[in-house]
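User: Could you walk me through reading side-chain interactions in a model like this one?

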Amino acid sequence: MSEDRLAGDEGTDPTERADPAERGDLVWEVFRQESDGDPMIHGGSVRAPDEDLALHYAREFYGRRQESRRLWVVAREAITELDDPDLLQPPFDRSFKKPGGYIIKHKLEAAKARAGEPT
Amino acid sequence: MNETERADAFYAHVGSGGKVEADDWMPDDYRAAVLKFVEMHANSELMGVLPEREWILRAPTLRRKLALTSKVQDEVGHAQLLYRVAEDLGKPREQMLADLMAGRTKFHNVFHYPTESWADVGIIAWLVDAAAIVSQQALRDSSYAPYARTMKKICWEESVHIMHGRDVVLTMMNGTQRQRALVQDALDRWWGPLMQMHGPPTDPAKDKDLHWRIKAKGNEQLRQEFLSIYVPRIRELGLRIPDPQLRYDDAAGRWRYSEPDWDELRSVVTGHGPKSQERLEFRRVNHAQTQWVRDALLGPAAAAA
């Protein structure tokens, strides 16, 4: 805990006290890895004034039963989000980008049949 | 799109199984309804540990003491997770705790009653948690996605509590005549509150929590599911359920039972239960006694808040 946070400011406007960030109390997103080699998956969030306490809370909430191999805490404000459907879910046919977009069964049968024919 | 059209589109989205994230736009009515629901749930987790903590020092073995302490820790953890979900809907945690302690918000009826013996610990962990998990499992399909995700984690932990409670009950049922009598006595006292716990049947057309898929199943459906699973499990132990009218109606495909005392439910959840005021006072005293921790961690600005 830093000196200036301990010192604080006695004259804080009371209307600002409801804002957790004003008090040095932040929201941290928690990511957890269930087994070695697994991806880090979002678990939830905790509220804490600093990283150390955020990790402590994360451990209590997401590691109490040995269910996590690794935990990350990331300040929510450090996350940048993109959820624009125009960019992520455009209404155009994207099947040529996926294996399922190529239906070859009949073409393969035809090709094999043709290859078997005497030239 | 004006405000009404936007709200209509939103309700069509959730009505057809769509999900909502914390930073998505949502109508004020929906936000208020989710907040109220989650806040009541968080309050219940926090207040629900008070009857059980009374038994930590009186647990019969070290393993039971560890299990009960762990359960209490889990439930407080659930409260923390749920207050976090509620905070993101716009109400500060400090305000939620202040409202709870002042009796302005509610917590579940079952946590307003006294515990008389160790058998109560078993019945609470087995049957109260079972009744809760029936509704919590349905909440994993809530339209409000942060709540639904939290419920997946909570259900996983609650399933341990049920096994712990069932183990306590089974141990006592295999014990002495006196121990069996204690379990029967606990069941006799808890059955009424258990039958009230899911609330009176609601008209699905008017139940907006259901309509907006904040919850996925109606009160009566949850009670029926609870009865279908747990009545046989209670009876197979030789326990008697204190409701002479309880029976499964094959023709109707549902359980029949004596009408739960809805007046008692209303009275209890508005702070007039046998232990309501004592438990709220405990929460107030405890909050005051731990103020120094918040002061030390958050600094003087938080202390003043």
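Salt bridges and ring pairs

Analyst: Happy to, starting with burial: Arg32(A) is buried, with a relative accessible area of 17%. Here buried means under 20% relative accessible area, exposed over 50%, and partly exposed in between, with a 1.4 Å probe and protein chains only. This is a predicted model, where local features need pLDDT of at least 70, side-chain atom pairs count only at pLDDT 80 or more, and totals for chains, interfaces and linings use all residues. Residues are numbered from 1 along each chain as its sequence is written, chains are lettered from A and ligands numbered from 1 in the order written, and side-chain values use heavy atoms, leaving out hydrogens and water.

User: How many salt bridges does a search of the whole structure find?

Analyst: A salt bridge is a side-chain nitrogen of Lys or Arg within 4 Å of a carboxyl oxygen of Asp or Glu. The search finds 38 over all chains. Arg32(A) takes part in one with Glu34(A), at 3.1 Å from N to O.

User: Which residue forms a salt bridge with Asp36(A), and where does each partner lie?

Analyst: The partner is Arg69(A), with the closest N and O atoms 3.2 Å apart. The pair links distant parts of the chain: Arg69(A) is in the loop between α2 (51–62) and β3 (70–75) of chain A, and Asp36(A) in the loop between β1 (26–33) and β2 (41–48), 33 residues apart. Helices (H or I, at least four residues) and strands (E, at least two) are DSSP runs numbered from the N terminus. Both Arg69(A) and Asp36(A) are exposed.

User: What does Arg65(A) pair with?

Analyst: Arg65(A) forms a salt bridge with Glu157(B), with the closest N and O atoms 3.5 Å apart. Arg65(A) lies in the loop between α2 and β3 of chain A and Glu157(B) in helix α6 (residues 145–173) of chain B, so the pair joins two chains. Arg65(A) is partly exposed at 23% relative accessible area, whereas Glu157(B) is buried at 0%.

User: How should I read aromatic pairs?

Analyst: A ring pair is described by the distance of the centres and the angle of the planes. Rings of Phe, Tyr and Trp (its six-membered ring) pair if their centres lie within 6.5 Å; planes under 30 degrees apart are stacked, over 60 edge-to-face, and the rest tilted. The whole structure has 13 such pairs over all chains. For Tyr11(B) and Trp212(B), the centres are 4.7 Å apart and the planes at 20°, so the pair is stacked.
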